[in-house]
Amino acid sequence: MIQEFIPSGYTSSLSEEMYSHRAPSNIALVKYWGKKQGQIPANPSISFTLSNCYTDTSVQLSTRTEYAEPYSFDIYFEGELKESFRAKINSFFQRIEIYLPFIKEYHFEIRSMNSFPHSSGIASSASSMAALSVCLMKIEKELQPQMTDDFFWKKASFLARLGSGSACRSVKGSIVLWGEHPEVDGSSDFYGITYPFAIHPNFNNYQDTILLIDKGQKQVSSSQGHNLMYGHPFALQRFEQASVNISKLKTIFEQGDLNAFIEIVESEALTLHAMMMTSLPYFILMKPNTLTAIEKIWQFRKQTGIPVGFTLDAGANVHVLYPYKVKKEVLQFIDSQLTILCENGQYIKDEVK
Ligand code: PMV
């Protein structure tokens, strides 16, 4: 399985060119929380790919002259050389070296920028690792021009996963499934696949307005959080529940049942945070305004019957999810009742790609 991603030799050579790619962010509907050795997810997850939150990355290739370190690269973020990003890229290169042996042979100047504000509390690891992985695949394609499109995207997602698990869902497709699921042929723990079943038009251009409740740095990183699922008292039930929720979503996506959709997605968000609160050490990433926003969303839904729901990432921000056809009403509601809960009144309007 993994073997197919180890190249047996290259047929062409490289010139000193620049390779670039824009990769989107994604928001999980069924959450990945907990992993096994080698970035293997403890349960399958599914996400919407976003349109307006993305990372642009370019990789300029040049001849390597310096051999003091295992890899030779410089990483710039929004125009500035970022020494603090070196360790992360270095460990990513270490993980992928066996799959892309050319990374030892060249110098890489990596330049990256996000469309969303730097410290917005929105994780950029998914879009940034996806963008970098696709750039590296563009280089590999140069070396192996006969590579099929299918293999290109599969391997790009495979590599992105090794950078940050959820990044493998930011490579290709509007709705992406990652992790083996018995009812989904072709699903894999090693890469994300485009969701292969029918999607009701209710989900076309589904809206995600991200309330920036707290733009500060998280006290507990995702990797620390994933690790706390080892030996967690509810881990096995949680992993099983995620699989069941993916089965339920199949019918929901097919039939366009928005209320059932909201129920699964909100339950997933609250379960993710419940896992954090019941880890040892326990922690809470929600802020008081996260809960106020949730209450207001529930009130508004009850009063109007408009199918608006929420999900949460590993942070305090609230993703307000709703169908395109109620966009006007929901944006009015957000403006009048939810922006006051956001830091500096900031939110990001996004939608499914
Ligand atoms: O990809 P990571 O290791 O940053 O983990 C992401 C975890 C969540 O965003 C909370 C859930 C998910 O499936 O994206």
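This is a short chat about pockets, a ligand and a few backbone oddities in a predicted model.

Reader: What should I keep in mind about the model?
Author: Local features need pLDDT of at least 70 and side-chain atom pairs count only at pLDDT 80 or more, while totals for chains, interfaces and linings use all residues. Residues are numbered from 1 along each chain as its sequence is written, and side-chain values use heavy atoms, with hydrogens and water left out.

Reader: Why is S170 called buried?
Author: Buried means under 20% relative accessible area with a 1.4 Å probe and protein chains only, exposed means over 50%, and partly exposed is in between. S170 has a relative accessible area of 1%, so it counts as buried.

Reader: Where is S170, and what is it in contact with?
Author: S170 is in the loop between α3 and β8 (175–178); helices (H or I, at least four residues) and strands (E, at least two) are DSSP runs, numbered from the N terminus. Contact means heavy atoms within 4.5 Å. Leaving aside neighbours within four places in sequence, S170 is in contact with A23, P24, S25, N26, A126, S127 and A130.

Reader: What does the side chain of S170 reach?
Author: The backbone oxygen of P24, at 2.7 Å. A polar contact is a pair of N or O atoms within 3.5 Å; within protein, one must be able to donate a hydrogen and the other to accept it, and residues adjacent in sequence count only if both atoms are side-chain atoms.

Reader: Which residues are closest to the ligand?
Author: Y32, S166, R169, H226 and D313 are the closest of the 13 residues that surround the ligand. The cut-off for being near is a heavy atom within 4 Å.

Reader: What makes D313 a polar contact of the ligand?
Author: An N or O atom in the D313 side chain is 3.0 Å from an oxygen atom of the ligand, so the pair falls within the 3.5 Å limit. S164 has a polar side-chain atom 3.1 Å from a ligand oxygen, and for Y32 a backbone N or O atom lies 2.9 Å from one.

Reader: How do you know what counts as a cavity, and how many are there?
Author: On a 1 Å grid over the protein atoms alone, a cavity is a set of points where a 1.4 Å probe fits but cannot get out; a pocket is an open set with protein on both sides within 12 Å along at least five of seven lines, and lining residues have an atom within 4 Å of a point. Points are joined across faces, edges and corners, and a volume is the space filled by probe spheres set on them. The count is one cavity of 30 Å³ or more, with a volume of about 40 Å³. Among its lining residues are H181, Y195 and K250.

Reader: What lines the second largest pocket?
Author: Its lining has 13 residues, with W153, K154, K172, G192 and I193 nearest the centre, and its volume is about 160 Å³. α3 gives the most, five residues.

Reader: Why is N205 called partly exposed, and N344 exposed?
Author: N205 has 38% relative accessibility, so it sits between the two cut-offs. N344 has 66%, so it passes the 50% mark.

Reader: What is unusual in the backbone?
Author: Most residues other than glycine have a negative phi, and most peptide bonds are trans. N205 has a positive phi of about 50 degrees, and phi of N344 is near 50 degrees. The L280 to P281 peptide bond is cis, with omega near -5 degrees.
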